[in-house]
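Hi there,

Here is the structure I promised to pass on to you. Please have a look at it first, and then read my notes underneath.

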Amino acid sequence: MGNEVFSGALAIGSGAVIGLLLFVPFVAVSYRRRGGLTVGRSLLWVAALIYFCAIWTYTLFPLPDPDHLVCVGMNTDVWQAVRDVQGARDRGHPFTDPATLQLALNVLLFVPFGAFVRVLGGRGLPTALLTGAGVSLFIETTQLTGMWGIYDCAYRVFDVDDVITNTAGALVGSVAALVVPRRMRGVGRQPGSELARPVTKPRRLVGAGCDVLAAALLSGTVSIAVQLWLQYVSDDRAAVLSGSLASVVGAVVPAVVWFVVIVWTGRSVGDLCVELEYRGGPLPTVLVRVMRFVGGIGTYFALTLLPAPYSAAAWLFVGAAVLTMLFTSHGRGLPALVSGSRLVDTRPRPAADADPGQPPRASESTSVRD
């Protein structure tokens, strides 16, 4: 039981880390391919991510101690599974025999695989067959080679029957997923995804989340890079121990990147992901863009550079930003308050909403005012 709990926790943990790394591009692609995010499809992608991590954790972990490695054999007899089932039948309990249960579990393990291939990938039986067999064979080969040479010999049995039953499971899952309507399958562009949609507070919060997450990942990456450079190139032990230089550079770099992106495009990284932009108001366009930066991540990073305990003001600013998004119409937030601008969907309005005889234009996109 302990190994199963460990493998499950590892699958969820690794899936969460990968999910955070992929969240920003996932949002951007969803808004361009499907017009926005839906809770059901997002949860389905999360489930698929955890599932694929679970395949690896349950089939390869826990790793054995090299000092107590026990080498195992292999099974290349494709009829061994048939004989196992016949033996279970002869013993009088064909449905509860461990050999039969093992075969059934191997099939069930890859049923979600085939379903995800059809629903999320939009592919049918041939793709489920090839990818299911390929993934299963790769796992078995990884076991056979001792994690590709990390161990001196195989620590888990290579079993050709596992490849066959896993592939069968993928085919079953692909067939079962036919119950999902065709319009809900695949990653292709959905009709109407290129047209403007209402600007909502959840959409605004998703965009802000993309900004925070992307900036945090960039900041962390830069800080780690600076620390490694100080330790292994400059050999500045004092700077490494204090971490002050890494913290400063880690805050300045993303702030500069966001400033350039906003001034150049009029939108932050999060705005670009969810197809939003601040426009109009009494100020010139360039000042509106500067206010977009000041009313968002620019002030946050500036406050993080203050010495403790004053740097805690950065979190007070985050709280104020979230509150203004929640209590201004459609989540316009601080950028609109400081610049007087309006929040719009950058995509063209549907033709039915446009003026008669006039083509949809980006400048006429769905907008909101307080």
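Below is what turned up, going from the cores to the surface and then to the aromatic rings. Please keep in mind that this is a predicted model.

**The cores**

The largest nonpolar core has 24 residues, and the members that touch the most others are V24, W258 and C273. Several elements supply at least two residues each to this core: the helices α1 (2-33), α9 (201-234), α11 (244-265), α12 (269-274), α13 (285-294) and α14 (297-304), along with the strand β3 (276-279). If you set aside neighbours within four places in sequence, V24 is in contact with C210, L213, A214, V269 and C273. Another core, of 15 residues, lies apart from it; A48, F113, A128 and I139 are among its members.

V274 is worth a click too. This residue lies in helix α12 and is buried, at a relative accessible area of 1%. Again leaving out neighbours within four places in sequence, V274 is in contact with V27, Y31, R203, V206 and G207. Its C-alpha atom is separated by 9.2 Å from that of L37, although the two residues are 237 apart along the chain.

**The surface**

A nonpolar patch on the surface is formed by V248, V252, V256, F259, V260, W264 and L305, and together they have about 670 Å² of accessible area. One of them, V260, lies in helix α11. With a relative accessible area of 48%, V260 falls short of the cut-off of over 50% for exposed, so it counts as partly exposed.

**The aromatic rings**

The structure holds 12 aromatic pairs. In one of these, F26 and W45 have ring centres 6.3 Å apart and planes at 65 degrees, so the pair is edge-to-face. Because F26 lies in helix α1 and W45 in helix α2 (residues 39-60), the pair ties together parts that are 19 residues apart in sequence. Both rings belong to partly exposed residues: F26 has a relative accessible area of 25%, and W45 is at 32%.

W56 and F138 also form an edge-to-face pair, with 5.6 Å centre to centre and 80 degrees between the planes. Here W56 lies in helix α2 and F138 in helix α6 (residues 125-144), so this pair ties together parts 82 residues apart in sequence. W56 is partly exposed at 29% relative accessible area, and F138 is likewise partly exposed at 41%.

Finally, which residues form one aromatic cluster? They are Y51, F52, F110, F113 and F116. You have already met F113 above, as a member of the core of 15 residues.

Best wishes

How values were computed. Residues are numbered from 1 along each chain as its sequence is written. This is a predicted model: local features need pLDDT of at least 70, side-chain atom pairs count only at pLDDT 80 or more; totals for chains, interfaces and linings use all residues. Side-chain values use heavy atoms; hydrogens and water are left out. A nonpolar core is a set of buried Ala, Val, Leu, Ile, Met, Phe, Trp, Tyr and Cys residues joined through side-chain atoms within 4.5 Å. Buried means under 20% relative accessible area, exposed over 50%, partly exposed in between (1.4 Å probe, protein chains only). Helices (H or I, at least four residues) and strands (E, at least two) are DSSP runs, numbered from the N terminus. Contact means heavy atoms within 4.5 Å. Patches are made of residues with over 30% relative accessible area and no salt bridge: like charges are joined within 9 Å, nonpolar side chains (Val, Leu, Ile, Met, Phe, Trp, Tyr) within 5 Å. Accessible areas come from the Shrake-Rupley method with a 1.4 Å probe; for residues, only the protein chains shown count as cover. A salt bridge is a side-chain nitrogen of Lys or Arg within 4 Å of a carboxyl oxygen of Asp or Glu. Rings of Phe, Tyr and Trp (its six-membered ring) pair if their centres lie within 6.5 Å; planes under 30 degrees apart count as stacked, over 60 as edge-to-face and the rest as tilted.
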